[in-house]
Amino acid sequence: AYIRHYVHQFENYTSLTNKITLTSYFGAERVIANYQTDIDEVTFMPRNQTALGVGLGLDIALNNNTSLYLRHRYFNHKDKNFVLVNNKGHETTLEIKVNF
């Protein structure tokens, strides 16, 4: 295979009240490339990536057609062969969705 990409995501939604829902997220990802893709100049190896994400959030119904989504996620991304692309951190998103 040119590139193999495996993704597993698990999400859970728990209703706290009729307007508030607690969300949880766990995701794992794996990317394995062959030597026909880009090769690192230091290791002379193709991509070999793993990623992990864990998060929590709230879904808040403001009215019948408007909702507020607040999510916070920790992520860790590693590549054994491309050491300059390794990163980890936190990500927070806030969305307002209006259906009309």
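**A guided reading of the predicted model**

The residues that line the largest pocket divide into 3 nonpolar, 6 polar and 4 charged. The structure described here is a predicted model, and this pocket is a convenient place to enter it. The volume of the largest pocket is about 230 Å³. Of its 13 lining residues, E11, T23, Y25, R71 and R73 are the closest to the centre. Five strands contribute to the lining, each with at least two residues: β1 (3–15), β2 (20–33), β3 (48–63), β4 (66–79) and β5 (87–98).

Two of these strands are also joined by an aromatic pair. A search of the whole structure finds 1 such pair. Its members are F10 and F26, whose rings are stacked, with 6.4 Å from centre to centre and 20° between the planes. The pair links distant parts of the chain, since F10 belongs to strand β1 and F26 to strand β2, and the two are 16 residues apart. The two partners fall into separate classes of accessibility. F10 is exposed, because its relative accessible area of 53% is over 50%. F26, at 35% relative accessibility, counts as partly exposed, because this value lies between the limits of 20% and 50%.

Strand β2 also holds V31. This residue has a relative accessible area of 13%, which is under 20%, and V31 is therefore buried. Leaving aside neighbours within four places in sequence, V31 is in contact with I3, R4 and H5, and also with R47, N48 and Q49. For one of these partners, Q49, the C-alpha atom is separated from that of V31 by 5.0 Å, although the two residues are 18 apart along the chain.

The loop between β2 and β3 comes next, and Y35 lies in it. At 54% relative accessibility, Y35 counts as exposed, because the value is over 50%. Not counting residues up to four places away in sequence, Y35 touches F44, M45 and P46. The C-alpha atoms of Y35 and M45 are separated by 7.2 Å, and these residues are 10 apart along the chain. F44, another of the residues touched by Y35, lies in the loop between β2 and β3 as well. The backbone of F44 deserves attention: its phi is near 60°, a positive value in a residue other than glycine. With 58% relative accessibility, F44 counts as exposed.

Charged side chains also meet aromatic rings in this model. R47, already named among the contacts of V31, has its charged end over the ring of F82, 4.0 Å from the ring centre. A second arrangement of this kind involves K97, whose charged end sits over the ring of Y69 at 5.1 Å from its centre.

The last residue to consider is I96, which is found in strand β5. I96 counts as exposed, because its relative accessibility of 60% is over 50%. Leaving aside neighbours within four places in sequence, I96 is in contact with T66, S67 and L68. Those three positions fall within the span of strand β4 (66–79). H72 offers a further reference point for I96: the two residues are 24 apart along the chain, and their C-alpha atoms are separated by 15 Å.

Notes: Residues numbered from 1 in each chain as written. Predicted model: local features only at pLDDT ≥ 70, side-chain atom pairs only at ≥ 80, totals over all residues. Heavy atoms only, no water. 1 Å grid on protein atoms, 1.4 Å probe; cavity = no way out; pocket = protein on both sides within 12 Å on 5 of 7 lines; lining within 4 Å. Points joined across faces, edges and corners; volume = space filled by probe spheres on them. Helix = DSSP H or I, 4+ residues; strand = E, 2+ residues; numbered from the N terminus. Nonpolar A, V, L, I, M, F, W, Y, C, P; charged D, E, K, R; others polar. Buried < 20%, exposed > 50% of the residue type's maximum accessible area, 1.4 Å probe, protein only. Contact = heavy atoms within 4.5 Å. Phe/Tyr/Trp six-rings, centres within 6.5 Å; stacked < 30°, edge-to-face > 60°. Lys NZ or Arg CZ within 6 Å of the ring centre and 35° of its normal.
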